[in-house]
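Me: Hi! I've got a model open and would like to talk it through. Can you help me read it?

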Amino acid sequence: MKKILIIEDDLKIAELERDYLEINGFRVELAADGGTGLSSAVNDDFDLIVLDLMLPGIDGFTICRSIREEKETPIIMVSAKRDDVDKVRGLGLGADDYMVKPFSPAELVARVKAHIARFERLTSQEKRERHHIIEINRLQIDKDARRVYLREKEVTLTNREFDLLLFMAENPNIVFNKETLFERVWGLDAVGDTTTVTVHVNRLREKIEIDNREPHYIETVWGAGYRFKI
């Protein structure tokens with residue numbers, strides 16, 4: 001269950017926002033002043049923070065800046081102030097969104113869901129990049145572990161099949177003739193001929209394509225070679 005922190009000194013507004021979020025499956029904590037809110041935001045883990053601008057103790061701008069020094073948690077700043085200067089300042093300090101009161105609680109829920117989904121996509125992509133994972137159209141290639149997954153199911157490849165797939169996936173939409181593929185994947189001193197490229201491409205297609213007659217990943221460019229499509 002996703003966890004939301006609402007930092008809001010108006011108890012009626014805070015409880016209304018909490019009720020709508022809880023109805024939609026979120027767990028919600030409330031903080032009624034800036035000091036308590038900042039402490040909770042920094043010392044606990046939340047999936048998103050709804051931050052009022054005008055708060056007793058510490059204002060929303062200062063809280064936003066302090067959170068951004070520690071975490072990348074999505075922040076939706078809310079305020080009755082309609083001045084664009086405040087909006088620009090809040091976004092400039094690292095807030096992900098700015099909502100002007102009064103607003104529909106349903107709209108807040110929609111924005112909370114959208115920002116959490118966006119943050120999860122970004123962090124997932126960063127994690128894949130850190131672990132050297134290539135993901136193209138539900139095909140995942142783990143370079144470090146030398147493993148391949150198609151629609152979350154592992155596909156067993158030989159070492160040469162993996163090398164061929166990896167080379168083409170790292171150079172998408174480029175047409176390579178069989179001679180170039182043989183040289184780049186098998187090496188200049190490899191024993192054999194370009195026929196082995198055709199054999200390995202066909203084997204790869206059998207393992208990762210739904211229909212070999214209409215390949216989704218490895219495309220034949222007649223008279224030229226092969227191309228990994230994205």
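Me: Which residues in helix H7 are buried?
Reply: Leu181, Phe182, Val185 and Trp186 are the buried ones in H7, which spans residues 178–186. Buried means under 20% relative accessible area, exposed over 50% and partly exposed in between, with a 1.4 Å probe and protein chains only. Helices are DSSP runs of H or I with at least four residues, strands are E runs of at least two, and both are numbered from the N terminus. This is a predicted model, where local features need pLDDT of at least 70 and side-chain atom pairs pLDDT 80 or more, while totals for chains, interfaces and linings use all residues. Residues are numbered from 1 along each chain, and side-chain values use heavy atoms, without hydrogens and water.

Me: Thanks! What covers those buried residues of H7?
Reply: Helix H6 (159–169), helix H8 (195–208) and strand E11 (225–228) are among the elements in contact with them (heavy atoms within 4.5 Å).

Me: And which residue follows H7?
Reply: Gly187, with a positive phi near 100°.

Me: Switching to charges, how many salt bridges are there?
Reply: The count is 16, taking a side-chain nitrogen of Lys or Arg within 4 Å of a carboxyl oxygen of Asp or Glu. In one of them, Glu8 pairs with Lys101, with the closest N and O atoms 2.9 Å apart.

Me: Where do Glu8 and Lys101 sit in the chain?
Reply: Glu8 is in the loop between E1 and helix H1 (11–23), and Lys101 is in the loop between strand E5 (97–100) and H5, 93 residues apart.

Me: Are those two buried or exposed?
Reply: Both Glu8 and Lys101 are buried.
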